[in-house]
Amino acid sequence: MTGFVAEGVERVRREAPLVHNVTNLVAMTLSANVLIAAGASPIMSAAPEEAGELAALSGALVVNMGTLTRDWVEGAEAAVAGARTAGKPWVLDPVGAGATAYRREIAARLLAGRPRIVRGNASEILALERGASGGKGVDSTAGSDAAAEAAMALASRARAVVAVTGAVDLVTDGSRTFRIANGHPLLTRTTASGCALTALIGAWAAVLPDPLEATAGAIAAYGIAAERAAEIAQGCGSFVAALLDALGSLDGPTAARLARIA
Amino acid sequence: MTGFVAEGVERVRREAPLVHNVTNLVAMTLSANVLIAAGASPIMSAAPEEAGELAALSGALVVNMGTLTRDWVEGAEAAVAGARTAGKPWVLDPVGAGATAYRREIAARLLAGRPRIVRGNASEILALERGASGGKGVDSTAGSDAAAEAAMALASRARAVVAVTGAVDLVTDGSRTFRIANGHPLLTRTTASGCALTALIGAWAAVLPDPLEATAGAIAAYGIAAERAAEIAQGCGSFVAALLDALGSLDGPTAARLARIA
Amino acid sequence: MTGFVAEGVERVRREAPLVHNVTNLVAMTLSANVLIAAGASPIMSAAPEEAGELAALSGALVVNMGTLTRDWVEGAEAAVAGARTAGKPWVLDPVGAGATAYRREIAARLLAGRPRIVRGNASEILALERGASGGKGVDSTAGSDAAAEAAMALASRARAVVAVTGAVDLVTDGSRTFRIANGHPLLTRTTASGCALTALIGAWAAVLPDPLEATAGAIAAYGIAAERAAEIAQGCGSFVAALLDALGSLDGPTAARLARIA
């Protein structure tokens with residue numbers, strides 16, 4: 001059942017996929033360090049002049065709309081075009097999708113670019129599926145169960161794997177659904193921890209052919225690292241370094257053993 | 001005397017105010033993590049398309065001109081307009097205000113947008129009040145006492161609470177003045193620690209009605225966390241995580257007891 | 001032989017040079033904290049309106065093309081012009097120089113601005129000298145020995161000191177060459193650790209008259225701090241704080257004693 005978790009951990013470390021990130025300004029450093037800790041090779045660029053070329057060179061593309069600007073949108077669309085032309089998977093993180101009219105518009109436009117995977121919190125997935133406003137800024141105000149129905153509908157409509165992360169994480173392609181019980185509340189007390197998870201999903205999508213398994217496996221591995229980090233951390237500050245330490249030392253068999261995927 | 005310190009710590013944690021930050025590229029991650037550690041909910045965006053809407057949705061707005069660009073100025077002005085229309089308090093951090101002609105111009109323009117609170121180091125407050133150049137880049141070359149007179153004049157002229165942070169911090173509204181003796185020199189060895197304090201003042205301004213108390217209380221709480229972090233830290237690197245850990249575990253009664261406000 | 005290492009460590013701490021950084025979005029925080037830990041005073045700005053003025057005010061300028069955009073290029077060119085007019089040394093970090101056509105074009109344009117020092121990994125220096133593509137995104141796919149010939153040629157052609165960092169670091173001005181054996185593999189598992197080293201070279205170039213010694217000394221000091229940090233760190237996450245702690249407590253005689261420069 002969790003053989004793909006071991007496989008993903010090991011293949012990311014062995015194949016060191018290049019992951020191109022068009023991401024937000026708060027998430028850049030943590031995303032890069034999470035990718036490196038897992039064994040992947042990150043590159044960050046939102047320049048329209050090269051974003052398409054980088055996406056095509058990479059094993060996967062991650063697009064995160066946390067700090068949205070016109071220039072960023074231009075770069076993200078060039079990157080998506082590059083990834084699609086090259087047949088590379090791309091992952092959308094619709095940060096704060098329901099928070100403002102501008103975000104709703106850009107999220108819908110990016111969704112039309114056919115991401116293979118979408119990861120958000122409950123408010124974001126609800127906003128993406130229903131076009132509704134919601135959430136408190138970039139933080140969710142809804143439980144992930146509340147978003148399960150929206151996730152299934154969105155997965156079917158967008159032909160994408162959709163992940164709703166929260167106390168329990170849900171990953172669905174509209175027909176098959178995984179629930180992952182790994183993780184720790186300190187993740188919610190670390191800025192950009194969700195964004196960095198999306199980056200990690202990108203690395204897994206670059207090495208595993210099944211996007212549902214790549215998404216569920218990356219979420220489980222990240223949650224396991226968080227559980228181990230929480231044992232060592234003295235609070236939300238020291239948790240970040242401990243998370244990277246734990247992710248960097250996680251091996252495939254341990255990940256498969258500790259994964260709680262149903 | 002320090003009852004408002006306990007009240008602020010507890011209300012930020014309980015009410016979890018949304019704080020919108022139009023801030024600089026160096027300060028984003030630390031500011032977000034300081035807000036989260038204290039219990040607030042940060043959002044970061046400088047896009048003119050949504051900055052006004054986000055400021056209106058938030059409990060407070062924080063504008064920090066550390067890495068100044070034309071696009072950022074446009075976003076900051078949209079955010080300030082949104083905050084003013086919605087009657088939300090906003091806090092100005094005039095980073096490096098005296099360092100260049102461009103900074104002097106933008107600082108003056110932002111000040112005309114009527115911030116409720118201004119926090120800077122001595123060089124910045126002197127530059128803001130006297131239109132003079134000074135400081136060494138973004139670091140102060142003047143003591144905070146030297147800036148006390150300028151702070152009082154600026155507070156009266158701008159009808160704002162003005163905080164000058166340094167070895168001893170001074171907070172004034174032009175008539176009442178607090179001096180806060182909490183803090184630790186390791187704060188000066190951490191990039192963006194002042195910027196992150198300004199973000200925290202934003203969270204306090206969202207929950208406490210008196211901006212003088214909100215400013216003094218946030219400065220005291222942050223200084224107390226720094227004192228505790230310095231006991232644990234091995235140097236300027238490990239200090240950052242320890243600061244967030246300490247801020248995350250600070251409770252109201254402890255903060256009130258340790259606050260050195262005169 | 002390593003007297004200049006002691007001198008550099010001590011003079012950066014005593015003179016606290018202002019170092020202006022036009023750098024990338026991932027590297028900003030770490031670069032600033034590395035500069036502060038070493039005793040320098042960082043400023044970060046890529047605004048064309050002030051970049052030239054800041055470069056002229058500073059002891060040195062560092063230009064890092066990690067996250068390249070049109071606006072950034074405009075700011076970098078203004079900063080370079082300011083540094084040149086004021087006779088200040090400037091250091092180029094050609095991140096991912098061979099990764100895309102856009103990067104090759106901008107790297108060549110910046111090189112024409114006559115940096116005093118260039119620091120890159122083997123793939124970047126090869127790309128800069130031969131105009132060739134290469135590297136895997138921003139990570140090197142070549143050893144530093146492979147790039148030694150290219151470094152000598154580039155140093156002669158550009159009349160600059162060229163540093164190729166890797167398992168063993170090479171620094172050359174085309175006639176004299178140093179090899180530095182300090183460092184630790186955990187540096188390769190920390191995003192922007194090379195960028196932050198380039199920033200540190202800027203601080204050394206501001207205080208030492210010989211750019212070859214400034215470059216070799218900064219690389220040795222940084223490598224020594226990394227060695228000490230690796231003894232304490234539990235992995236790639238806790239390494240970052242330990243690196244800053246070690247850099248902050250490094251004194252001149254210790255650095256001279258531990259430097260492995262040939």
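These questions and answers cover helix packing in a predicted model.

Q: How do α8(A) and α9(A) lie relative to each other: roughly parallel, roughly antiparallel, roughly perpendicular or oblique?
A: Helix α8 (residues 193-207) of chain A packs on helix α9 (residues 211-232) of chain A at about 130°, and their axes are 8 Å apart. Angles of 65 to 115 degrees count as roughly perpendicular, and those over 145 as roughly antiparallel. The angle fits neither class, so the pair is oblique.

Q: How many nonpolar residues does the contact of α8(A) with α9(A) have?
A: From α8(A) come residues including Leu197(A), Leu200(A), Ile201(A) and Trp204(A). α9(A) supplies Ala214(A), Ile219(A) and Tyr222(A), among others. Beside three polar residues and one charged, the nonpolar count is eleven.

Q: Where do the buried residues of α7(C) sit around the axis, on the same side or on opposite sides?
A: In helix α7 (residues 148-158) of chain C, the buried residues are Ala148(C), Ala150(C), Ala151(C), Leu154(C), Ala155(C) and Ala158(C). An α-helix has 3.6 residues a turn, so residues three or four places apart point the same way. Here the buried residues cover an arc of only 155°, which puts them on the same side.

Q: Which residue just after α7(C) takes a positive phi?
A: The helix spans residues 148-158 of chain C. Just after α7(C), a phi of about 50° is taken by Arg159(C).

Q: How are α4(B) and α5(B) oriented, roughly parallel or roughly antiparallel?
A: Helix α4 (residues 70-86) and helix α5 (residues 101-111) of chain B pack at about 10°, with axes 11 Å apart. Angles under 35 degrees define the class, so the two are roughly parallel.

Note on methods. Residues are numbered from 1 along each chain as its sequence is written. Chains are lettered from A and ligands numbered from 1 in the order in which they are written. This is a predicted model: local features need pLDDT of at least 70, side-chain atom pairs count only at pLDDT 80 or more; totals for chains, interfaces and linings use all residues. Side-chain values use heavy atoms; hydrogens and water are left out. Axes are lines fitted to C-alpha atoms, for helices over the stretch in contact, and angles run from 0 to 180 degrees between N-to-C directions. Helices (H or I, at least four residues) and strands (E, at least two) are DSSP runs, numbered from the N terminus. Contact means heavy atoms within 4.5 Å. Ala, Val, Leu, Ile, Met, Phe, Trp, Tyr, Cys and Pro count as nonpolar, Asp, Glu, Lys and Arg as charged, and the others, Gly among them, as polar. Buried means under 20% relative accessible area, exposed over 50%, partly exposed in between (1.4 Å probe, protein chains only). The arc is that of the directions from the helix axis to the C-beta atoms.
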